[in-house]
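Please read these notes with the model open beside you. Take the points in order and find each residue as it comes up.

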Amino acid sequence: MDQSIKFDLDLIKRYDKSGPRYTSYPTALELHEGFGEAEYLQHIEKSNAAGGPLSLYFHIPFCDTVCFYCACNKIVTKNRAHAVPYLENLCKEIAMQGKLFDNSRPVNQLHWGGGTPTFLSYEQMKRLMDTTRQHFNLRDDDSGEYSIEVDPRETNDLTIAQLRELGFNRISLGLQDFDPDVQKAVNRLQSKEQTFAVLEAARKEGFRSTNIDLIYGLPLQTEQTFAATLDQVLAYAPDRFSIFNYAHMPSRFKTQRQINDNDLPTAAVKLEILQMVGKKLTDAGYVYIGMDHFAKPDDELAVAQREGKLYRNFQGYSTHSDCDLVGLGVTSIGRVGDAYMQNYKELDEYDAAISQGKLPVFRGVDLDEDDKLRRAVITRLICHFELNFSKIESEFDIDFSEYFAPELDNLRLMKDDGLLELSADSIKVSSAGRLLIRNICMVFDKYLAQKQQQFSKVI
Ligand SMILES: C[S@@+](CC[C@H](N)C(=O)[O-])C[C@H]1O[C@@H](n2cnc3c(N)ncnc32)[C@H](O)[C@@H]1O
Ligand code: SF4
C-alpha cells in the first residue's frame, strides 16, 4: 500500500479540534465501577476457553524527577525504597493473575511502561521477570515482542546489557527535545552523549527495534530548534520515532502549571513544526504509521501495516492483534475478551486490595455488539487507512450503508474536503487525510458528543 502523507495546512487548521487517541474503543472514559473482580473473572474464563497467546503490560510508576509537561501516571520520588513494597505487591498480583490464565497460553508480547521502569535496580527487575516467568508462559527463544520504556538519564551500558539478558528485545527511549532552553523550561536536562550512548548500547546488545520519543509543542520550541533536535537524532537512525503532540491540560496535570503559557508555541508555529517533521522524516526514508508514529520501511510496524496486520492497543501500534492483554500494576488497563478493565489508580488503594488477597481491578466496561463493530471500524481505519465494507458486513452481519447512514453523511463532507475517497464499498483515506485520521475515526465514535472537551487537541 501507499504509505505517504501530504501536509495540507488549510485542512489541518480547519480540523484542529479535541479528540481521543483511540488506543481503545470505547475509550477509558467509558470504564465504570459497576465492573469489578467478578466480571473480570467471567471474562478470563471465556478467554481461556477461546485460548490464544497473551500480552502482558506492567506499570512501574516511579520517576526520580518530574518533567513539567508529563501526563503519564507516575509517582515522583528520590527515595528508591518506595519501590520495595510496590514490587512486593506487584509480584503478588502476578501470582494471583497467573493462576487465572491457562498456563499453556504463550506470552507473545510483554511491555514495561511507566513512569520509569529503569527506576528499579537490576535485582528488582530480575525478580520481576523471574516471577513473571514462574506464573506465565514466557517465550524463552527471543521470538516474543518484549519491550521496555527507558529514560536515558536512568540507564547506562550495563543496564542495557542486563535488560537484554532479562529477555527484552525492543526498546523505547524518552528524549523529547535537546534544546537547552526547552529542557530547562520543562525540567528535563538530558545530554546527547547519554542518550546516544544508550541507543548505541541497545544496538550492540541486539535490541531489534529502537524507538525515540519526542514531543512537539513544548515551551520555547521553534521550527528551527526542533529541526536541530531531529537532525541530531536522525544521524543515529533509530528504527522508529514517536513524535507526540504536547497535551497541555494544566487543570488535569498540576506540574504543567509550572510551564509559562506565554512560552508555548502558537498554533501556527506548531503546524510549522509538524510540517517540518513530516518532511524531514519522509525525506530520511521513514514511513508514517499513523497517530504520531514513524518507522523505517523494514521495521516490523511498517511491514505489518503493508501486510494489513497492524493493530492498536494501549501501548500504541502493535503487530499482535490476537492477544488478550493482561494489565498488571497500579493504573494498568487490560483487555480480556470483549471487555476492558483497569487496576486502582492510587497506590494505597492498589496496596490495600493486594494485601486483602483481592484482584486490584476497580472498573471496566463490557463491550456490546455496537461497541465491537465500531471498534473494528476504528481499528481498521487508524491502522490501515482504509476500510472495506463487505468484510465488516460479513463479520458483523449488518448492511454497512444502512447501519452507518449518518456517519457516511458526515464522511461526505470530509470527502469533499479531500480527506478520503468514498465508494459504495469502501473508505480510503487520502495522503492529506492521514494526519487527520483521528477526526475520521471520531465520526464513528458513539460516545464522543458528550465527552469532546476532555480530550487534547488533534494537532
Ligand atoms: C513513560 S514516558 C517514557 C519513559 C520515561 N519515563 C522517560 O520519560 O524517558 C512516556 C512518554 O510519554 C510522552 N509524554 C508524556 N507526557 C506527555 C504530554 N503531556 N504530551 C505528550 N506526550 C507526553 C513522552 O514523550 C514520554 O517519553
Ligand atoms: S516523562 Fe517520563 S521521566 Fe518525565 S515525569 Fe513523565 S514518566 Fe517520569
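The notes below cover two ligand sites, some strands and one helix.

1. Ground rules. This is a predicted model: local features need pLDDT of at least 70, side-chain atom pairs count only at pLDDT 80 or more, and totals for chains, interfaces and linings use all residues. Residues are numbered from 1 along each chain as its sequence is written, chains are lettered from A and ligands numbered from 1 in the order in which they are written, and side-chain values use heavy atoms, with hydrogens and water left out.

2. Surroundings of ligand 1. There are 20 residues around ligand 1; a residue is near a molecule or strand if one of its heavy atoms lies within 4 Å of it. Tyr69, Gly115, Gln176, Arg188 and Asp213 come nearest. By class, the shell has nine nonpolar, seven polar and four charged residues. Here Ala, Val, Leu, Ile, Met, Phe, Trp, Tyr, Cys and Pro count as nonpolar, Asp, Glu, Lys and Arg as charged, and the others, Gly among them, as polar. Four strands each supply at least two residues of this shell: S6 (145–150), S7 (170–176), S8 (209–216) and S9 (240–245). Helices (H or I, at least four residues) and strands (E, at least two) are DSSP runs, numbered from the N terminus.

3. Atoms close to ligand 1. Which residues place a backbone N or O atom 3.1 Å or 3.0 Å from a nitrogen atom of ligand 1? Ala71 does so at 3.0 Å, and Ala247 at 3.1 Å. Thr116 uses its side chain instead: an N or O atom there is 3.1 Å from a nitrogen atom of ligand 1. The protein covers 89% of the 570 Å² of accessible area that ligand 1 has on its own. Such areas come from the Shrake-Rupley method with a 1.4 Å probe; for residues, only the protein chains shown count as cover.

4. Surroundings of ligand 2. The shell includes Cys63, Cys67 and Cys70. Tyr69, Lys74, Gly115, Thr116, Asp151, Arg153 and Arg188 also belong to it. It divides into four nonpolar, two polar and four charged residues.

5. Strand S4. Eight of the nine residues of S4 (residues 106–114) are buried, so this strand is largely enclosed by the rest of the structure. Buried means under 20% relative accessible area, exposed over 50%, partly exposed in between (1.4 Å probe, protein chains only). Seven bridges join S4 to S1 (residues 54–60), and the two run parallel. Two strands pair if DSSP finds at least two bridges between them. Tyr57 has His111 in S4 as its bridge partner. S4 also runs parallel to S6, with four bridges; Gln109 stands opposite Glu145 there.

6. Strand S16. All five residues of S16 (residues 339–343) are buried. Ala339, Met341 and Asn343 lie on one side, Tyr340 and Gln342 on the other. In a regular strand the side chains alternate between the two faces of the sheet. S16 runs antiparallel to S15 (residues 333–336), joined by four bridges. The two form a hairpin with two residues between them; Gly337 in the turn has a positive phi of about 60°. Five bridges join S16 to S17 (residues 361–366), also antiparallel.

7. Helix H13. Which residues of H13 (residues 389–396) are buried? They are Phe389, Ile392 and Phe396. Seen down the axis, the buried residues fall within an arc of 70°, so they line one face of the helix. That arc is taken from the directions from the helix axis to the C-beta atoms. Lys391, Ser394 and Glu395 are exposed on the other side of H13.

Definitions and conventions. A polar contact is a pair of N or O atoms within 3.5 Å; within protein, one must be able to donate a hydrogen and the other to accept it, and residues adjacent in sequence count only if both atoms are side-chain atoms.
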